[in-house]
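Dear colleague,

I am passing on to you the structure shown below. Please look through it before reading the notes that come after it.

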Amino acid sequence: MLPGRYEVLRRTVGMRTRYMTVLAENMYHGQNAAALVRHCDAFGISQMHTVETLCRFEPSAAVVRGTDRWVGIRKHRTTAGALEALRREGYRIVATTPHREDSTPETFDVGRGPFALVFGTEHAGISEEVIRSADEFLRIPMCGMVESLNVSASAAILIYQLSERVRHTVEGWRMSADEQAEVLYGWMRRSVKDSEEILRRRFGEGGY
């Protein structure tokens, strides 16, 4: 790996955060799945989660354009399992829906602690299970005739605005040094052709 490439990876991982994350519940359009991954990469979300009870999360290769190499995707069998795992890691469950009046991107309290934005399936939105389990609700105010936006557009707005507010107002939004090193190591292995064989030749089987 050339020094310039390493510096790009090192600088990028330094802007990643796990303070906020995303959960995609049964998102079945490949274009929307890919767009969600791209949004996470663009705005520095280190890791996202998926529930695939009804359909697989399969980002369109033509849209995702390799950004899935830089965003960790954790898959869960059920919505309940995903919510439980997120809570165990200290996340607030924030359901995104136009039908609740809880908070907006401007009024949502980013400083109360880590949070997970839940986006539902394209037509039905978030499930009743998420609605019953959510700690808070988040909506994008509309001033036109349309009631809601496409899930990809909604995700772009919310992830951008909230990640910007987190970086400007929350101390400790960055990953720890150990977390950054772990992610950077994974990126480097994925960036170098035949990295497994190179490491095996250098350190021996299982020595890296």
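The notes below deal with the pockets and then with one helix.

Please bear in mind that this is a predicted model.

The largest pocket holds about 470 Å³ of space. Its lining is made up of 25 residues, and those nearest the centre of the pocket are Thr96, Thr97, Pro98, Gly125 and Ser148. Helix H6 (residues 151-169) contributes the most to this lining, giving 3 residues. By type, the lining of the largest pocket comprises 11 nonpolar, 10 polar and 4 charged residues.

For the second largest pocket, the volume is about 160 Å³. Among the residues lining this second pocket are Glu25, Asn26, Tyr28, Thr79, Gly125 and Glu129. Its lining divides into 4 nonpolar, 6 polar and 2 charged residues. Gly125 thus appears in the lining of the largest pocket and also in that of the second largest.

The helix in question is H4 (residues 79-88), in which Thr79, Ala82, Leu83, Ala85 and Leu86 are buried. These residues lie on the same side of H4, because they cover an arc of only 160° around the axis. Glu84 and Arg88, on the other side of H4, are exposed. The cover over the buried residues of H4 includes strands E1 (20-25), E2 (47-51), E3 (72-76), E4 (92-96) and E5 (115-119), together with helix H5 (128-133). Just after H4, Gly90 adopts a positive phi of about 95°.

With kind regards

Methods
Residues are numbered from 1 along each chain as its sequence is written. This is a predicted model: local features need pLDDT of at least 70, side-chain atom pairs count only at pLDDT 80 or more; totals for chains, interfaces and linings use all residues. Side-chain values use heavy atoms; hydrogens and water are left out. On a 1 Å grid over the protein atoms alone, a cavity is a set of points where a 1.4 Å probe fits but cannot get out, and a pocket is an open set with protein on both sides within 12 Å along at least five of seven lines; lining residues have an atom within 4 Å of a point. Grid points are joined across faces, edges and corners, and a volume is the space filled by probe spheres set on the points. Helices (H or I, at least four residues) and strands (E, at least two) are DSSP runs, numbered from the N terminus. Ala, Val, Leu, Ile, Met, Phe, Trp, Tyr, Cys and Pro count as nonpolar, Asp, Glu, Lys and Arg as charged, and the others, Gly among them, as polar. Buried means under 20% relative accessible area, exposed over 50%, partly exposed in between (1.4 Å probe, protein chains only). The arc is that of the directions from the helix axis to the C-beta atoms. Contact means heavy atoms within 4.5 Å.
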